[in-house]
Every structure is written in structure tokens, then in C-alpha cells.
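Visitor: I'd like to learn how to read a protein fold from its model. Could you walk me through it?

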Amino acid sequence: RVGKASEIPFDAESFDAVTLGFCLHHMAEPARALAEAHRVLRPGGRIAFTVWGELDRCEATGIAFAALAEIGLGANDDVPQPPLPFGRPLTEYRAALERAGFVQPLVRNLDIGWRVRGAASVVDGFERYAGLAQLASDEQRAAFAAAIEHAVNSRAEADGSTYLANPAIL
């Protein structure tokens, strides 16, 4: 079935588990989505969600946001900002779960990242996230790509690959 996470089309206590993979921070109503997840879980059921970790620990995201700022599109300008943005401290997610009715939620960091060869995948991912095709001129997009290419290449290891830490919160 297709439905909104803030209006799950199932009866209360229908599921043993609910998962939300890297999507909560993109939802229009994250608090309602968590409350709905709680509603459809059976007693003893579990929720698991992931969001990107605190911004100061997310190297790939930091590179992209710095490149956006370089071309004049800072995080507070035209780039989409969700209601519960990623990059928030663990305590904010724990509090959101508690407000939704979850008891003693366990929230922790996952140390993950991206191993890339060149910057193309990083450029593509963040161009899509920021909607640069609609927001930026061809010159701005080229400058964005060049800034990311420089940042990735300056971190390259002997084998030509680059590891960009981008931890998550589970």
C-alpha cells in the first residue's frame, strides 16, 4: 500500500516493527510520522530509523555545504531544509521518540562513510539533494563540481580512493 508516514493506512497495533531509513529528516511532519509508527506497533514492537549524524562529523555533507556556500547558495538560502533537519544531536532524536510515546529509546551513532574514486558520485548526489539544476546557473554548477573535486582529491589515499566520513544516527 502507498500512504503517508504521517497517516499510516493500517490499524493500531498491526506491526512488530517499523523502519524509516534515512527519510525522517526529509518528511514534512516527522513528529506525526513517529507518532503514527508508535500507533501501529504492537506492544513490545520496535522502531528503527536512521538519519545523518551531527553535521560537524559528516565530512561528505560538510564538503557539499561548503561548495554550495562558495557558489552563493548557503544552507539558509534556497537549499531545502526539512522540519527536523539532519545533523542534529542525538538528544533531539531521543526526545522526539519520547514525545511520540516510545519508552527508553536507544539512540546511537553509526560510524559509516563513503569510499569514492573521484568526486562524481558526491557531486551528483548533492546536486540532486540541493536541486541545483533548477537553482544554479551552469557556471555555478561547474564551480560547485570543481570545489567538491578539489576537496575529494585533496583527501585521496595512495590507492586513489577517498574515504569521507558521514556517520548516521540509529
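Visitor: In which sense do S2 and strand S6 pair, parallel or antiparallel?

Guide: Before that, a word on the source: this is a predicted model, where local features need pLDDT of at least 70, side-chain atom pairs count only at pLDDT 80 or more, and totals for chains, interfaces and linings use all residues. Residues are numbered from 1 along each chain as its sequence is written, and side-chain values use heavy atoms, with hydrogens and water left out. Now the general idea: strands of a sheet pair through backbone hydrogen bonds, either parallel or antiparallel. Here S2 and S6 (residues 168-169) pair in the antiparallel sense over 2 bridges. Helices (H or I, at least four residues) and strands (E, at least two) are DSSP runs, numbered from the N terminus, and two strands pair if DSSP finds at least two bridges between them. For one bridge you can look up, take Val51, whose partner in S6 is Ile169.

Visitor: What is the strand order of the open sheet?

Guide: The order is S1-S2-S6-S3, an open sheet of 4 strands with mixed pairing. S1 and S3 each have a single partner strand and stand at the edges, so one side of each is left without a neighbour in the sheet. S1 and S2 run parallel, joined by 6 bridges. Gly21, for instance, has Thr50 in S2 as its bridge partner.

Visitor: What kind of unit do S1, H1 and S2 make?

Guide: They make a right-handed β-α-β unit. A crossover is right-handed if, with the strands pointing away from the viewer, the path from the first strand over the helix to the second runs clockwise. As for the whole protein, there are 6 helices and 6 strands, and from the N terminus on they run β-α-β-α-α-β-β-α-α-α-β-β.

Visitor: Which residues of helix H1 are buried?

Guide: First the idea: an α-helix has 3.6 residues a turn, so residues three or four places apart point the same way. Buried means under 20% relative accessible area, exposed over 50%, and partly exposed in between (1.4 Å probe, protein chains only). In H1 (residues 30-40), the buried ones are Pro30, Ala33, Leu34, Glu36, Ala37 and Val40. Down the axis of H1 they fall within an arc of 160°, so they line one face of the helix; that arc is taken from the directions from the helix axis to the C-beta atoms. Their cover includes strand S1 (15-21), strand S2 (41-52) and helix H3 (90-99).

Visitor: Which residues touch the most other members of the largest nonpolar core?

Guide: In soluble globular proteins, nonpolar side chains tend to be buried together. A nonpolar core is a set of buried Ala, Val, Leu, Ile, Met, Phe, Trp, Tyr and Cys residues joined through side-chain atoms within 4.5 Å. Of the 23 residues in the largest one, Leu68, Leu132, Phe144, Ile148 and Leu164 touch the most other members. Helix H2 (59-70), helix H4 (120-130) and H6 are the elements that give two or more residues to this core, and H2 gives the most, with 6 residues. Apart from this core lies another, of 21 residues, among them Leu20, Ile47, Leu97 and Ala100.

Visitor: Is Ser161 buried or exposed?

Guide: Ser161 is buried, at a relative accessible area of 2%. Look for it in the loop between helix H6 (138-153) and strand S5 (162-165). A polar contact is a pair of N or O atoms within 3.5 Å; within protein, one must be able to donate a hydrogen and the other to accept it, and residues adjacent in sequence count only if both atoms are side-chain atoms. The Ser161 side chain has such a contact with the side chain of Arg115, at 2.9 Å, and another, of 2.7 Å, with the side chain of Asp159.

Visitor: Where does Asp111 lie?

Guide: Asp111 sits in the loop between strand S3 (109-110) and strand S4 (113-116). With 63% relative accessibility, Asp111 counts as exposed. Contact means heavy atoms within 4.5 Å; leaving out residues up to four places away in sequence, Asp111 touches Arg57 and Pro167. The side chains of Asp111 and Arg57 also share a polar contact of 2.7 Å.
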